[in-house]
Amino acid sequence: MTARRNDERTTAGAHRMMRRADREVSDPAQVAAIVASCKIIRIAYMDAEGLTIVPMNFGYVSEGIGNATRPTFYFHSAPIGRKIDAIKAAGNKLSVACEMETDCEVVAGRVPCNWGEAFKSVVGTGAASIVSDLDESRLALEMLMRQQAGMEHVEFTDQQVRSVTVWKVESDYVTAKVRERPQPRQ
């Protein structure tokens with residue numbers, strides 16, 4: 001187990017090491033398992049109206065989730081709206097941050113300052129873009145159905161695929177963290 005990094009200092013703009021290195025998840029299979037258990041990802045971005053964050057259902061490409069790799073998350077939306085406008089205004093490459101969590105549970109402490117939360121989480125950054133390829137859009141919708149409903153091999157007609165706007169976030173940085181529920185004292 002890696003120790004805490006309470007005294008680490010980094011410069012702005014560089015990916016800093018996780019302060020609680022003892023909670024960092026670096027094994028790609030464990031990171032993929034966390035992502036697989038999540039149903040909602042929050043996408044944060046800046047547009048002409050300011051900062052915003054939106055919770056989204058998602059599907060993802062499981063290959064490449066881990067420290068040195070770059071997962072791709074897929075979404076569908078109406079063909080118009082703030083997210084789509086922001087992606088278009090950014091030249092189809094909108095900088096975003098994302099976050100998802102699972103297995104959250106309050107952990108009571110002996111005194112109020114000792115309370116905490118058990119959780120598993122993934123955070124990252126990347127670029128959002130609209131998917132224009134019909135085959136990639138179809139695959140994205142299939143991944144969404146697998147992630148959200150556990151349905152494998154769902155088929156979509158061309159008309160169904162064209163009725164929504166499919167977009168994706170190609171990650172450029174992803175990190176994961178787990179705080180297990182403490183074992184009861186005996």
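## Helix H3 and its surroundings

Right after helix H3 comes Gly150, a residue with a positive phi near 70°. That is a handy landmark from which to start a tour of this structure, which is a predicted model.

**The chain as a whole**

Let us step back for a moment. The chain holds four helices and eight strands. Read from the N terminus, the order of these elements is β-α-β-β-β-β-α-β-β-α-α-β. The chain has 186 residues, and 37% of them count as buried. Its accessible surface comes to about 11300 Å², with 51% of that belonging to carbon and sulfur atoms.

How much of the contact pattern joins residues at least 24 apart? Taking contacts between residues at least 6 apart in sequence, 66% join residues at least 24 apart. Keep that in mind when you follow the chain in the 3D view.

**A walk along helix H3**

Now back to the helix. H3 covers residues 134-149, which makes 16 residues. Does its length fit the expected value or depart from it? At 1.5 Å a residue the helix should span 22 Å, and its end C-alpha atoms are 22 Å apart, so the two agree.

At the start of H3, look for Asp133: one of its side-chain oxygens comes within 3.2 Å of the backbone nitrogen of Asp135. At the other end, H3 is followed by Gly150, already met above.

Which residues of H3 are buried? They are Ser137, Arg138, Ala140, Leu141, Met143, Leu144 and Gln147. The cover over these buried residues includes helix H1 (28-37), strand S3 (50-57), strand S4 (59-61), S5, helix H4 (158-162) and strand S8 (165-179).

Ser137 is a good residue to zoom in on. It sits in helix H3, and it counts as buried because its relative accessibility is 5%, under the 20% cut-off. Apart from neighbours within four places in sequence, Ser137 is in contact with Val131, Val161 and Val166.

Strand S5, one of the elements covering the buried residues of H3, spans residues 72-77 and contains Thr72. Is Thr72 buried or exposed? With a relative accessibility of 13%, Thr72 counts as buried. If you set aside the neighbours within four places in sequence, Thr72 touches Gly59, Tyr60, Val61, Lys168, Val169 and Glu170.

**Charged pairs**

Side chains of opposite charge can pair when their charged atoms come close. How many salt bridges does a search of the whole structure find? The search finds eight. Three of them are listed here.

| Salt bridge | Closest N and O atoms |
|---|---|
| Arg42 and Glu99 | 3.1 Å |
| Glu101 and Arg42 | 3.3 Å |
| Asp158 and Arg138 | 2.5 Å |

Start with Arg42 and Glu99, whose closest N and O atoms are 3.1 Å apart. This pair links distant parts of the chain, with Arg42 in strand S2 (residues 40-47) and Glu99 in strand S6 (residues 94-107), 57 residues apart. Arg42 is partly exposed, at 27% relative accessible area, and Glu99 is partly exposed too, at 22%.

Arg42 also forms a salt bridge with Glu101. Since Glu101 lies in strand S6 and Arg42 in strand S2, the pair ties together parts that are 59 residues apart in sequence. Glu101 is partly exposed, with a relative accessible area of 27%.

The pair of Asp158 and Arg138 brings us back to H3, with 2.5 Å between the closest N and O atoms. Here Asp158 is in helix H4 and Arg138 in helix H3, 20 residues apart, so this pair too links distant parts of the chain. Asp158 is partly exposed, with a relative accessible area of 35%, whereas Arg138 is buried at 17%.

Which residues do shared partners join into one network? Salt bridges that share partners connect Arg42, Glu99 and Glu101 in this way.

**A word on the cysteines**

A disulfide is a covalent bond between the sulfur atoms of two cysteines. How many disulfides are counted when the sulfur atoms of a pair must lie within 2.5 Å? The count comes to zero. Two cysteines are still worth finding in the 3D view. Cys98 counts as buried, at 8% relative accessibility, while Cys113 is exposed, with a relative accessible area of 74%.

How values were computed:
Residues are numbered from 1 along each chain as its sequence is written. This is a predicted model: local features need pLDDT of at least 70, side-chain atom pairs count only at pLDDT 80 or more; totals for chains, interfaces and linings use all residues. Side-chain values use heavy atoms; hydrogens and water are left out. A disulfide is a pair of cysteine sulfur atoms within 2.5 Å. Buried means under 20% relative accessible area, exposed over 50%, partly exposed in between (1.4 Å probe, protein chains only). Helices (H or I, at least four residues) and strands (E, at least two) are DSSP runs, numbered from the N terminus. Contact means heavy atoms within 4.5 Å. The expected span of a helix is 1.5 Å times one less than its number of residues. A polar contact is a pair of N or O atoms within 3.5 Å; within protein, one must be able to donate a hydrogen and the other to accept it, and residues adjacent in sequence count only if both atoms are side-chain atoms. A salt bridge is a side-chain nitrogen of Lys or Arg within 4 Å of a carboxyl oxygen of Asp or Glu. Accessible areas come from the Shrake-Rupley method with a 1.4 Å probe; for residues, only the protein chains shown count as cover.
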